[in-house]
Amino acid sequence: MNQVDGLLAELALYRSARQRLLRTCGLAESQRDPLAEFAEQFAAGLTSGTLAPNRVQKGWDIEQHDGGRVQVRYLANPQRDRGAWVNEHTVDRIADVHWYMLVLFEDLRVVGALAFPEDLSDICARLGKRHPRQYETLQLTRRNWESIRDAPATFARLGMRIWLPPDWEPVGDTVG
């Protein structure tokens, strides 16, 4: 089999698996990134929120029972023992959005979910951040993720909500 045939065969396998995942999410016709679709569905399940009626609207993805809004993003990286992250993430406060939720993948496995409050100052201080505008921006690195993952109660006291496997029970007050 030449390279083109091999690529087409692997794409067919991926297409089938992608279609199954999107059907499970109730989104069989979606052409959006399947990890983005999954992250929104997963976050809605964790928070017991309701997905926005328009999945591509600007600003927020989930509405909470109390009317609070949640923006959902994801961060995907290779398996932890394979070296440095190739992707990092900037958490930015969004006007009229109460929580910024990040679903983290390593080697296409969900390894955690983090919900950041509107004011990021205390979290940035605890992480020893040095970048500007820390009340509204957090430049999340692998080391920051590991600090949060390894001390979830500490960060929950600073206003975060954290979900970790295997039980996915929230650490901190529930979102919404």
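Author: A salt bridge here is a side-chain nitrogen of Lys or Arg within 4 Å of a carboxyl oxygen of Asp or Glu. The model is predicted.

Reader: How many salt bridges does the structure hold?

Author: Several are taken up below. Among them are the pair of Arg109 and Asp107 and the pair of Asp150 and Arg149. The count for the structure is seven.

Reader: Which residue meets the side chain of Glu136 in a salt bridge?

Author: Glu136 sits in the loop between H3 and S7. Its partner lies 43 residues away, in the loop between S4 and S5. The N to O distance is 3.6 Å, and the partner is Arg93.

Reader: Is Glu136 buried or exposed?

Author: The cut-off for buried is under 20% relative accessible area. Glu136 has 17%. Its partner Arg93, at 39%, is partly exposed. Glu136 falls under the cut-off, so the word for Glu136 is buried.

Reader: How far apart are the closest N and O atoms of Arg109 and Asp107?

Author: These two residues form a salt bridge. Asp107 is partly exposed, at 28% relative accessibility. The closest N and O atoms are separated by 2.9 Å.

Reader: Which residues are linked with Arg32 in a network of salt bridges?

Author: Here the salt bridges join into a network. Arg32 is one member. The others are Glu37 and Glu40.

Reader: Which residues is Ser30 in contact with, leaving aside neighbours within four places in sequence?

Author: Ser30 belongs to the loop between H1 and helix H2 (34–47). Its relative accessibility is 5%, so Ser30 counts as buried. One of its contacts is Glu37, a member of the salt-bridge network with Arg32 and Glu40. The full set is Arg18, Leu22, Glu37 and Arg55.

Reader: Why do the buried residues of helix H4 lie on the same side?

Author: Helix H4 spans residues 142–150, and its buried residues are Arg142, Asn144, Trp145 and Ile148. They share a side because of the arc they cover around the axis, only 160°.

Reader: What covers the buried residues of H4?

Author: The cover includes both strands and helices. Helices H3 (121–127) and H5 (152–156) are among them. The strands include S5 (99–106), S6 (109–116), S7 and S8 (161–163).

Reader: Which exposed residues are carried by the face of H4 turned away from its buried side?

Author: One of them forms a salt bridge with Arg149, with the closest N and O atoms 2.9 Å apart. That residue, Asp150, has a relative accessible area of 56% and is exposed. The exposed residues on this face are Arg143 and Asp150.

Reader: Which side chains of strand S4 are buried?

Author: In a regular strand the side chains alternate between the two faces of the sheet. S4 (residues 89–92) follows that alternation. Thr90 and Asp92 point to one face and are not buried. The buried side chains, on the other face, are those of His89 and Val91.

Reader: What is the bridge partner of Thr90 in S7?

Author: S4 pairs with strand S7 (residues 137–140). The sense is antiparallel, over four bridges. Opposite Thr90, the bridge partner is Gln139.

Reader: What separation do the C-alpha atoms of Ala76 and Leu35 have?

Author: Ala76 lies in strand S3 (residues 69–77). It is partly exposed, at 21% relative accessible area. Ala76 touches Leu35, as well as Asn87 and Phe105. Ala76 and Leu35 are 41 residues apart along the chain, yet their C-alpha atoms are separated by 8.7 Å.

Reader: How much accessible area does the nonpolar patch of Val4, Leu8, Leu11 and Tyr14 have together?

Author: The four residues form this patch on the surface. Leu11 is found in helix H1 (residues 3–24). Together the four have about 420 Å².

Reader: Which residues other than glycine have a positive phi of about 60°?

Author: Most residues other than glycine have a negative phi. One exception lies in the loop between H2 and strand S1 (50–51), and is partly exposed at 45% relative accessibility. Another is found in the loop between S8 and S9. They are Ser48 and Trp168.

Reader: What is omega for the cis peptide bond that joins Pro165 and Pro166?

Author: Most peptide bonds are trans. The bond between Pro165 and Pro166 is cis. Pro166 is found in the loop between S8 and strand S9 (170–171). Omega is about 5°.

Note on methods:
Residues are numbered from 1 along each chain as its sequence is written. This is a predicted model: local features need pLDDT of at least 70, side-chain atom pairs count only at pLDDT 80 or more; totals for chains, interfaces and linings use all residues. Side-chain values use heavy atoms; hydrogens and water are left out. Helices (H or I, at least four residues) and strands (E, at least two) are DSSP runs, numbered from the N terminus. Buried means under 20% relative accessible area, exposed over 50%, partly exposed in between (1.4 Å probe, protein chains only). Contact means heavy atoms within 4.5 Å. Two strands pair if DSSP finds at least two bridges between them. The arc is that of the directions from the helix axis to the C-beta atoms. Patches are made of residues with over 30% relative accessible area and no salt bridge: like charges are joined within 9 Å, nonpolar side chains (Val, Leu, Ile, Met, Phe, Trp, Tyr) within 5 Å. Accessible areas come from the Shrake-Rupley method with a 1.4 Å probe; for residues, only the protein chains shown count as cover.
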